[in-house]
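Biologist: I am new to this model, and I would like a close look at a single part of it. Please take one helix, and then follow the surroundings outward from there.

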Amino acid sequence: MSASGKIMNCEDYREAIAADPSESFAGGAEHAAVCGSCSAYRAEMRALDDTITKALAIDVPELKIPDLPPIGEDDGNVVNMPFRRATRITTPAWIGIAASFALAAIIGVQFVGNGPESDRLLAETVLAHVDHEPWALKVTDVSVSAAQFERVVNPTIGTMDRNVGLVSYAQSCIINGNTIPHLIIQGEKGPVTLLLLPDEMVHGAVSLSGKSVNGVILPHGNGSIAIIGEREERIEELKRRVVDSVEWSI
Amino acid sequence: MSSNSVDLKRRERFDRVVGVLHRDLYRYAAWLCRDPGIAEEVVQETLLRAWKSLDALREDSAAKSWLLTIVRRENARYFARKRLETVDIDSLTPGQSAMLAESEDPNLATMRQAIFRLEDDYREPLVLQVLMGHSTKEIAELMSIKPGAVLTRLHRARIKLKDEVAKEAAA
């Protein structure tokens, strides 16, 4: 019997045993007990796995520990936000009036500052990415499901307190080759884009400014967080809440 | 507690965690990037990042998944930086040749080459399952894919290896 309650047939069994020769799946042992052919296939798969295990066990060089810097030595550029417990954002007055309308036209911001080249490049990448997903910028009062949120903000990334705001969009996106959470929360003046960038360090807060929008890339631990909202959005208030809500896994 | 004492405790914890898992980290890195030299660099970067972020590791029992996640990210960073080409098995570096050096057992050498040739998407879950002892769920979380996709990849990986080995034996 398989996990779904059905009797396992030979095809199902062989697919399952090739994926998991330890036969930890439900119904496997029962099927093999009454099917000689599949029992032989299992033995073949286990023999194959023995060889795979030995082949993967390559020689390992002696452990070399790199020079480990004193903790705090190179944390000078990190903005340490004062602690503030995340609170549920108040429902914006305009939610419910407008069903949903795209705000793509507001995007078109520029990097402001004299930071290093790497910060400028990251700012450009962030803005290009936001520009390419304008459909996400909707005014809505519908939040993404908890399951979708957890798929995107998963344990390999870290944790985020959902109460930072109404999360209306959550997708895994690729920035500089890394999978990152792209979230939209409903701010007081409109949709606010959050890109959680655990792999992207900046040397200090990177301001992003435009005619209609207001944003920043904030250093956070060994990564950073991009926050881009409408011009009138109270970013200062928002960034404290966002930074306090995010904790990286690494 | 003085800062020296805190640093000492931190270093003791780091050495304990890394000392136990170093072999796994290196082998995972080596099979991810298929180059012993790059694997050593990736592991060094991993250790540095782990040292800086050690406070984020709440339980030592979670250290393996935590460190493998860092290895995975450092490997991606390395290749993003260097923009390296895909490895061609016919033009291996000396390090790669050493990694595939024929073992006394010809079946093992054949298998090692077959694993080396596997697509990244198939090789990685196989390494995580067979070498690291990860469950399907753990592999899915690490690779940000669904458990069903992990099982499909594992199934296909083994069928490919089985076919390759059989082809080699027939030749």
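Modeller: Helix 2 of chain B has 17 residues, and because each residue should add 1.5 Å, the expected span is 24 Å, which agrees with the 24 Å between its end C-alpha atoms; the expected span is defined as 1.5 Å times one less than the number of residues. Helices here are DSSP runs of H or I with at least four residues, strands are DSSP runs of E with at least two, and both are numbered from the N terminus. This is a predicted model, in which local features need pLDDT of at least 70 and side-chain atom pairs count only at pLDDT 80 or more, while totals for chains, interfaces and linings use all residues. Residues are numbered from 1 along each chain as its sequence is written, and chains are lettered from A and ligands numbered from 1 in the order in which they are written.

Within helix 2 of chain B, the buried residues are B:Pro36, B:Ile38, B:Ala39, B:Val42, B:Val43, B:Thr46, B:Leu47 and B:Ala50. A residue is called buried if 20 or more other C-beta atoms, placed from the backbone, lie within 10 Å of its own, exposed if 12 or fewer do, and partly exposed in between. An α-helix has 3.6 residues a turn, so residues three or four places apart point the same way.

The loop between helix 1 (3-33) and helix 2 (36-52) of chain B holds B:Arg34, a residue that has a positive phi of about 60 degrees although it is not a glycine. B:Arg34 counts as buried because it has 24 C-beta neighbours inside 10 Å. Another positive phi in a residue other than glycine, near 55 degrees, belongs to B:Ser144, which is placed in the loop between helix 7 (136-143) and helix 8 (147-170) of chain B. With 14 other C-beta atoms within 10 Å, B:Ser144 is partly exposed.

Two residues of helix 2 of chain B, B:Ala39 and B:Val42, appear again in the largest nonpolar core, which has 51 residues and in which they, along with A:Ile52, B:Tyr28, B:Ala29, B:Val71 and B:Ile115, touch the most other members. Such a core is a set of buried Ala, Val, Leu, Ile, Met, Phe, Trp, Tyr and Cys residues joined through C-beta atoms within 7 Å. Helix 1 of chain B supplies the largest share of this core, nine residues. Leaving aside neighbours within four places in sequence, B:Val71 is in contact with B:Leu25, B:Tyr28, B:Ala29, B:Val42 and B:Thr46, where contact requires C-beta atoms, placed from the backbone, to lie within 7 Å. A second, separate core of 40 residues includes A:Val126, A:Val153, A:Ile185 and A:Val246.

Turning to where the chains meet, 34 residues of chain A are in contact with 43 residues of chain B. On the side of chain A that touches chain B, the elements that give two or more residues are helix 1 (10-19), helix 3 (36-56) and strand 4 (178-186) of chain A, and helix 3 of chain A gives the most, with nine residues. That side has 18 nonpolar, eleven polar and five charged residues; Ala, Val, Leu, Ile, Met, Phe, Trp, Tyr, Cys and Pro count as nonpolar, Asp, Glu, Lys and Arg as charged, and the others, Gly among them, as polar.

Terms used
Contact = placed C-beta atoms within 7 Å.
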